[in-house]
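Before this model goes into any further calculation, here are a few remarks on its cysteines, its nonpolar cores and its ligand site. They are set out as numbered points, to be read alongside the coordinates.

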Amino acid sequence: MFSGNSTKNEYDVIIIGAGLAGLSAAKKFLNEGIDFLLIDASSSVGGRMKTDYIKEYQLDRGFQVLLTSYPEAQNALDYSALKLKSFDPGAIVQYGYKTYKLSDPFRKPITAVRNFRNPFTAMSDMVKIIALRNRHRRFSVKELFNEKEQATIDYLKEWNFTDKFIQSFLKPFLGGVFLDSELKVSSRFMEFVFKMFSQGYASLPEKGIQEIPNQLAKQIPKEKIKLNTKVINIEPNNVMLADGSSIKTKAIVIATNSVDANKIYPCNNKIETQTVKCIYFSTEKAPFKTASLYLNGNVSGLVNNVCIPSNVHRAYAPKNKHLISVSVIKPTQLSDLELVMAVRSELKVWFGADVEDWLHLRTYNIENALPKFETISYPEVKDIKPIGNKIFKCGDYTHDPSINGAMRSGRLIAEAVIWDLSVKI
Ligand SMILES: Cc1cc2nc3c(=O)[nH]c(=O)nc-3n(C[C@H](O)[C@H](O)[C@H](O)COP(=O)(O)OP(=O)(O)OC[C@H]3O[C@@H](n4cnc5c(N)ncnc54)[C@H](O)[C@@H]3O)c2cc1C
């Protein structure tokens, strides 16, 4: 799919990596009439946003959602064609042996204040959530990325959220977004995410998360995308491929993740990454009927969050079946089999003995899932500098670790390259 048979051997720009960043750069080059080729080692576009279609189940490679308020996504994507459906606002929290519903503290904090009746939320927590929401309304996204920066956990403590609220709601909720159980990620990113949650919905496309990069790829002529093609090395004006051939180019955009970028063009700025495990089960009897995010509010346990994508979009599972997605973000040395057993026994406490009958479909161990960002910025085109002679890099790790960050980084790099080519060539 999307792979052309280009025989040309010289381009204005070669983009390496057809994830969201590379696709967004390609779209910009296309619109500006720049002659480019988009190369990817994999057999399909999308990078980290892939969906496996197995026996009528749609298995996203890791639980991910599109926040409809992402500004870059709003500009670049056709939401109605994606047939987005949203998760219910708020969350269900497993606390001890009981469950509690927390209505949306981000968008409807007043209702949340009225309704909260649980042992882990104090009135002061809700008041602070309202204050935070008001603060985020006053600031633009750019302004939030320029705010004072610290680890998210320190930020939350500085705001005097109670330990119980942090442990039982904020840690599993935000930890699930950052894939960071310790909340060390930059508070700027946390503020951005908070703002996005308070202004939009967490949603899934009908055909799975990969439909997002697929939509971008459909706008790019097939002959401009070359799949199953691994780049092993680059030098100015030349891209060397694994099959021994090379392609000439005026400029190069590296749009891989940080680890692969360092292999292609070693830089010293090594960026640590987060890991996540996503375990899928199938069942005829869903443990809950809503399109809710179900959080582990306990200190113990491996499971961070559970959801039922087929409660959001029926298409995620065949008729009369449900798809259950379980995310584990805490580091674990367990084998896949041991992990499934451990997760089953934890979830039996949450959902009862039916869990024993769930069919294990697949476990995804996702290395380098997200960059670990303890410091983050919001660059503009003027801030972007080449990392070598007409060599540029983009991707979520150069911006912020989100769909929005990856897409914005790709568009901006294209603008920077176009400027560079027009001025210097
Ligand atoms: C489990 C998980 C959950 C997430 N949840 C969310 C979420 O809920 N909301 C959100 O906004 N974001 C989420 N994200 C983040 C989001 O998916 C990423 O930020 C985004 O997809 C990154 O896109 P990218 O283009 O920067 O990189 P990538 O998607 O990694 O694309 C890089 C591409 O480069 C290619 N490549 C690498 N090396 C080579 C080579 N040598 N030659 C040729 N090609 C090469 C790869 O094949 C790949 O296609 C999540 C990510 C993961 C993994």
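1. Which cysteine sulfur is closest to that of Cys307, and is the separation suitable or too far for a bond? The model is a predicted one, and in it the closest cysteine sulfur to that of Cys307 belongs to Cys278, at 7.8 Å, which is too far for a bond, because a disulfide calls for sulfur atoms within 2.5 Å. By this rule the count of disulfides comes to zero, and Cys278, whose nearest cysteine sulfur is that of Cys307, is accordingly in no disulfide.

2. Both of these cysteines are shielded from the probe. Cys278 is buried, having a relative accessible area of 1%, and Cys307 is likewise buried, with a value of 0%.

3. On the nonpolar interior, the largest core has 119 residues, and the ones with the most contacts inside it are Val13, Ile15, Phe29, Leu156, Phe169, Ile234 and Val253. Helix α14, which spans residues 403–424, contributes 10 residues, the largest share of this core. There is also a second core, separate from that one and made up of 21 residues, among them Val306, Ile308, Val328 and Val355.

4. Ile234 deserves a separate entry, as one of the residues with the most contacts inside the largest core. When its neighbours within four places in sequence are set aside, Ile234 is in contact with Ile16, Val239, Met240, Ile252, Ile254, Ile264, Tyr265 and Ile391.

5. Turning to the ligand, 35 residues surround it, and the closest of them are Asp40, Arg48, Tyr70, Asp396 and Ile403. At least two residues of this shell are supplied by each of α1 (20–31), α11 (258–264), β18 (359–371) and α14, and β18 gives the most, with three residues. Helix α14 therefore appears in two places in this note, since the largest share of the largest core also comes from it.

6. The polar contacts of the ligand involve both side chains and backbone. A side-chain N or O atom of Asp40 is 2.5 Å from an oxygen atom of the ligand, and a polar side-chain atom of Gln64 lies 2.9 Å from a ligand oxygen, while for Gly47 a backbone N or O atom lies 3.5 Å from an oxygen atom of the ligand. Of the 1,000 Å² of accessible area that the ligand has on its own, the protein covers 93%.

Technical notes
Residues are numbered from 1 along each chain as its sequence is written. This is a predicted model: local features need pLDDT of at least 70, side-chain atom pairs count only at pLDDT 80 or more; totals for chains, interfaces and linings use all residues. Side-chain values use heavy atoms; hydrogens and water are left out. A nonpolar core is a set of buried Ala, Val, Leu, Ile, Met, Phe, Trp, Tyr and Cys residues joined through side-chain atoms within 4.5 Å. Buried means under 20% relative accessible area, exposed over 50%, partly exposed in between (1.4 Å probe, protein chains only). Helices (H or I, at least four residues) and strands (E, at least two) are DSSP runs, numbered from the N terminus. Contact means heavy atoms within 4.5 Å. A residue is near a molecule or strand if one of its heavy atoms lies within 4 Å of it. A polar contact is a pair of N or O atoms within 3.5 Å; within protein, one must be able to donate a hydrogen and the other to accept it, and residues adjacent in sequence count only if both atoms are side-chain atoms. Accessible areas come from the Shrake-Rupley method with a 1.4 Å probe; for residues, only the protein chains shown count as cover.
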